Amino acid sequence: DITKQKLSEFALIETNKRLELLSNLINNTSDAFQISTETGELYYINKVAEERLGIKQENCNTYKVQDFE
């Protein structure tokens, strides 16, 4: 059924727009932003967090939150 396919495509486009908006918000805020796993490993940091923590985003997964407390 083409209708289901079109609805799925539309939903995917809308989801991607929301993700892009969220990504822009996180990466353009003046606040440090970090995402960590349940066990405390850093998963993602924005540019402000890079500057404040002194680490690069691509290396953040080698650190744990408690390393900076």
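## Close-ups of the salt bridges and of Glu50

**View 1. Lys17 and Glu14, a pair within helix α1.** Lys17 and Glu14 sit three residues apart in helix α1 (residues 2–28), so about one helical turn separates them. This is a predicted model, as are the views that follow. The two side chains make a salt bridge, with 3.5 Å between the closest N and O atoms of Lys17 and Glu14. As for solvent, Glu14 has a relative accessible area of 22%, which means it counts as partly exposed. Why can such side chains pair up at all? Side chains of opposite charge can do so when their charged atoms come close.

**View 2. Glu41 and Lys64, a pair that links distant parts of the chain.** Here the salt bridge joins Glu41 to Lys64, and their closest N and O atoms are 3.6 Å apart. The partners are 23 residues apart and belong to distant parts of the chain: Glu41 is in the loop between β1 (34–36) and β2 (42–45), while Lys64 is in the segment after α2. Are the two ends buried or partly exposed? Glu41 is partly exposed, at a relative accessible area of 26%. Lys64 counts as partly exposed too, because its relative accessibility is 30%.

**View 3. Lys47 and Glu50, a pair within helix α2.** Back in a helix, the side chains of Lys47 and Glu50 meet in a salt bridge, at 4.0 Å from N to O. These two are three residues apart in helix α2, so the spacing is about one helical turn. Their surroundings are a mixed bag: Lys47 counts as exposed at 56% relative accessibility, whereas Glu50 is buried, with a relative accessible area of 12%. The cut-offs behind those labels are under 20% for buried and over 50% for exposed.

**View 4. Glu50 and what surrounds it.** Let's stay with Glu50, which lies in helix α2 (residues 47–53). Which residues does Glu50 touch, leaving aside those up to four places away in sequence? The answer is Ile45, Ile55, Lys56 and Gln57. With Gln57 there is also a polar link: a polar atom of the Glu50 side chain lies 2.6 Å from the backbone nitrogen of Gln57. So why does Glu50 count as buried? Because its relative accessibility is 12%, and buried means under 20%.

**Overall count.** How many salt bridges are there in the model? The count comes to four, and the pairs shown above include Lys17 with Glu14, Glu41 with Lys64 and Lys47 with Glu50.

Terms used: Residues numbered from 1 in each chain as written. Predicted model: local features only at pLDDT ≥ 70, side-chain atom pairs only at ≥ 80, totals over all residues. Heavy atoms only, no water. Helix = DSSP H or I, 4+ residues; strand = E, 2+ residues; numbered from the N terminus. Buried < 20%, exposed > 50% of the residue type's maximum accessible area, 1.4 Å probe, protein only. Polar contact = N/O pair within 3.5 Å; in protein donor to acceptor, adjacent residues only side chain to side chain. Contact = heavy atoms within 4.5 Å.
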